[in-house]
Amino acid sequence: MAPSLACAFFFDDEPIGEPGLAALDACALCAKRLGRDSDIFMYRGDTPFCSEDCRYEQMQLDAIRERRAAGRRQTPSQTTESQHERARKVYVAS
């Protein structure tokens with residue numbers, strides 16, 4: 001039985017119809033080249049990093065961005081409510 005042609009080829013290029021997806025060629029943070037024989041640390045499914053440190057740094061940057069975006073999404077009425085809640089608190093000296 002002849003070997004399958006599908007198994008005879010290995011494609012190492014961007015998938016057809018999905019241009020711009022990050023290839024596993026370089027770290028997404030520091031741009032260090034990723035060797036075929038080195039460990040690759042993934043984050044959010046398809047983002048490669050050269051080390052746990054680079055991946056962790058990206059995770060921290062994303063968390064900061066998300067907190068800032070959540071702060072910008074807060075409506076003025078929500079801000080006023082939180083200010084009123086703080087004003088209602090009564091502190092008792094012991």
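Here are short exercises on this chain, each with a worked solution.

The model is predicted: local features need pLDDT of at least 70, side-chain atom pairs count only at pLDDT 80 or more, and totals for chains, interfaces and linings use all residues. Residues are numbered from 1 along each chain as its sequence is written, and side-chain values use heavy atoms, with hydrogens and water left out.

**Exercise 1. The layout**

Task: Find how many helices and strands the chain has, and state the pattern they follow.

Solution:
- Start with the count. The chain has 3 helices and 2 strands. Helices (H or I, at least four residues) and strands (E, at least two) are DSSP runs, numbered from the N terminus.
- Now read along the sequence. The pattern is α-β-β-α-α.

**Exercise 2. Surface and burial**

Task: State what share of the 94 residues is buried, and how much accessible surface the chain has.

Solution:
- Take burial. Of the 94 residues, 11% count as buried. Buried means under 20% relative accessible area, exposed over 50%, and partly exposed in between (1.4 Å probe, protein chains only).
- Take the surface. It comes to about 8,400 Å², and carbon and sulfur atoms hold 55% of that. Areas come from the Shrake-Rupley method with a 1.4 Å probe; for residues, only the protein chains shown count as cover.

**Exercise 3. The core**

Task: List the members of the largest nonpolar core, then trace the contacts of Cys 27.

Solution:
- Fix the term. A nonpolar core is a set of buried Ala, Val, Leu, Ile, Met, Phe, Trp, Tyr and Cys residues joined through side-chain atoms within 4.5 Å.
- Name the members. The largest such core has 7 residues: Cys 27, Leu 34, Phe 41, Tyr 43, Phe 49, Cys 50 and Cys 54.
- Trace Cys 27. Neighbours within four places in sequence aside, Cys 27 is in contact with Lys 32, Leu 34, Pro 48, Phe 49, Cys 50 and Cys 54. Contact means heavy atoms within 4.5 Å.

**Exercise 4. Positive phi**

Task: Place Ala 31 and Arg 44, and decide whether each is buried or exposed.

Solution:
- Ala 31 lies in the loop between helix H1 (5-8) and strand S1 (41-43). Its phi is near 65°, a positive value in a residue other than glycine. Ala 31 is exposed, because its relative accessible area is 53%.
- Arg 44 sits in the loop between S1 and strand S2 (47-49). Its phi is positive too, about 55°, although Arg 44 is not a glycine. At 53% relative accessibility, Arg 44 is exposed.

**Exercise 5. A partner of Arg 44**

Task: Locate Asp 62 and name what it touches.

Solution:
- Asp 62 is in helix H2 (residues 52-73).
- Asp 62 counts as buried, because its relative accessibility is 10%.
- Not counting residues up to four places away in sequence, Asp 62 touches Tyr 43 and Arg 44.
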